[in-house]
Amino acid sequence: MELYDAMRTNPSCRYFTDEPVDPAVIHRILDHARFASSGGNRQGWRTLVVRDPDLKAAVAALHRKQWDAYIGHAREGVVGYNDGGVNGRMAADDLAQRRLTRTDDFSASLASVPVLLVHCVDLATLAVTDRELDRQSIVGGGSLYTFVQNVLLGCRNEGLGSALTTLLAAEEPAVAELLGMPAGFAVGALVAVGWPVPDKQYTKLSRCPVEEIAFADRWGVPFTG
Ligand SMILES: Cc1cc2nc3c(=O)[nH]c(=O)nc-3n(C[C@H](O)[C@H](O)[C@H](O)COP(=O)(O)O)c2cc1C
């Protein structure tokens, strides 16, 4: 698949068929994803490929705990979705509610998704250059999420659907115990992978235009190319 096509046509997949995913395909995706960039090329990413039904059920239950807390706020519009400016921003409108229902369905069916990739990172490998600033850090995750984005694109290239969630990170101690993740590592993301149910997928993604997200030299001057 052409790279730009893959980038533009990779929605979060929330509905998967029961068809199993060949572990060789997951291996191939990881084999390509590992060429991602990381600070100092330290490659601190580690991925748990969870296929065991009991473990998937336990991971799904941990995710569900966090999702239940989140969805209450989301339904009230306290947190929400940006639909790219097409239907209003961060609003508890119909579109946002529909998306929430899809995400709720996803959370409820997570245990039956064929593969759950739990993406972890070795904290000792991260160069957190914004550590001293008086705000939350954003940089540390950079050395994991380049890899995770490659995984998402790799899934698309294979015709697989995928959905990323970070809610599982809040359950890190329980995840560590369940899956044997050693001390010094962190959970960065869960990526669910399977074959998409065709008529349940969004085909046209909604995103903000370049002029809104990129500036020419100074903040606020739209970059028009
Ligand atoms: C950091 C991060 C966290 C996310 N968390 C969730 C999540 O918990 N559940 C979910 O279904 N999707 C999650 N997503 C996917 C986004 O909701 C999704 O990309 C966005 O709504 C746009 O939808 P689309 O990709 O289908 O167009 C997450 C994405 C990112 C990058």
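This is a dialogue on reading a ligand site, a pocket and a few single residues in a predicted model.

Colleague: Where should I start with the ligand, and which residues are closest to it?

Modeller: Start with the shell, meaning the residues that have a heavy atom within 4 Å of the molecule. Here 13 residues surround the ligand, and the closest are Arg14, Thr103, Leu164, Thr165 and Arg207.

Colleague: Which classes do the residues of that shell divide into?

Modeller: Six are nonpolar, four are polar and three are charged.

Colleague: Which helix and which strand each supply at least two residues of the shell?

Modeller: Those are helix H4, residues 94-109, and strand E3, residues 161-165. The most comes from H4, which gives three residues.

Colleague: How do I read polar contacts to the ligand, and what lies 2.7 Å from one of its oxygen atoms?

Modeller: The idea is to look for pairs of N or O atoms within 3.5 Å. In this model, a polar side-chain atom of Arg14 lies 2.7 Å from an oxygen atom of the ligand. For Arg207, an N or O atom in the side chain is 2.8 Å from a ligand oxygen atom. With Leu164 the backbone takes part: one of its N or O atoms lies 3.0 Å from a nitrogen atom of the ligand.

Colleague: How much of the ligand's area does the protein bury?

Modeller: The protein buries 70% of the 620 Å² that the ligand exposes when taken alone.

Colleague: Turning to pockets, what is the volume of the second largest pocket, and how many residues line it?

Modeller: A pocket is described by its volume and by its lining, the residues with an atom within 4 Å of a grid point. The second largest pocket has a volume of about 280 Å³. Its lining holds 14 residues, and those nearest the centre are Ser137, Ile138, Gly140, Gly141 and Tyr145. Helix H5 (142-157) and strand E4 (185-194) are the elements that give two or more residues to this lining. The largest share, three residues, comes from E4.

Colleague: What is the make-up of that lining by class?

Modeller: The lining of the second largest pocket has eight nonpolar residues, five polar and one charged.

Colleague: Now for single residues. Is His119 buried or exposed?

Modeller: Burial is read from relative accessible area, with under 20% counting as buried. His119, found in strand E2 (residues 115-122), is buried because its relative accessibility is 0%. Its side chain makes a polar contact with the side chain of Thr47, at 3.1 Å.

Colleague: How does Leu48 read on that scale?

Modeller: Values between 20% and 50% are called partly exposed. Leu48 has a relative accessible area of 26%, so this residue is partly exposed. Leu48 lies in strand E1, residues 45-50. For its place in the fold, take a C-alpha separation: Leu48 and Met181 are 133 residues apart along the chain, yet their C-alpha atoms are separated by 9.0 Å.

Colleague: What should I look for in backbone angles, and which value does phi of Asn41 take?

Modeller: Look for a positive phi in a residue other than glycine; for Asn41 the value is near 50 degrees. Asn41 lies in the loop between helix H2 (23-33) and E1. Gln43 is not a glycine either and has a positive phi of about 50 degrees. The loop between H2 and E1 also holds Gln43.

Colleague: Why is Gln43 called partly exposed?

Modeller: Gln43 is called partly exposed because its relative accessible area is 33%, which lies between the 20% and 50% cut-offs.

Definitions and conventions:
Residues are numbered from 1 along each chain as its sequence is written. This is a predicted model: local features need pLDDT of at least 70, side-chain atom pairs count only at pLDDT 80 or more; totals for chains, interfaces and linings use all residues. Side-chain values use heavy atoms; hydrogens and water are left out. A polar contact is a pair of N or O atoms within 3.5 Å; within protein, one must be able to donate a hydrogen and the other to accept it, and residues adjacent in sequence count only if both atoms are side-chain atoms. Accessible areas come from the Shrake-Rupley method with a 1.4 Å probe; for residues, only the protein chains shown count as cover. Helices (H or I, at least four residues) and strands (E, at least two) are DSSP runs, numbered from the N terminus. Ala, Val, Leu, Ile, Met, Phe, Trp, Tyr, Cys and Pro count as nonpolar, Asp, Glu, Lys and Arg as charged, and the others, Gly among them, as polar. On a 1 Å grid over the protein atoms alone, a cavity is a set of points where a 1.4 Å probe fits but cannot get out, and a pocket is an open set with protein on both sides within 12 Å along at least five of seven lines; lining residues have an atom within 4 Å of a point. Grid points are joined across faces, edges and corners, and a volume is the space filled by probe spheres set on the points. Buried means under 20% relative accessible area, exposed over 50%, partly exposed in between (1.4 Å probe, protein chains only).
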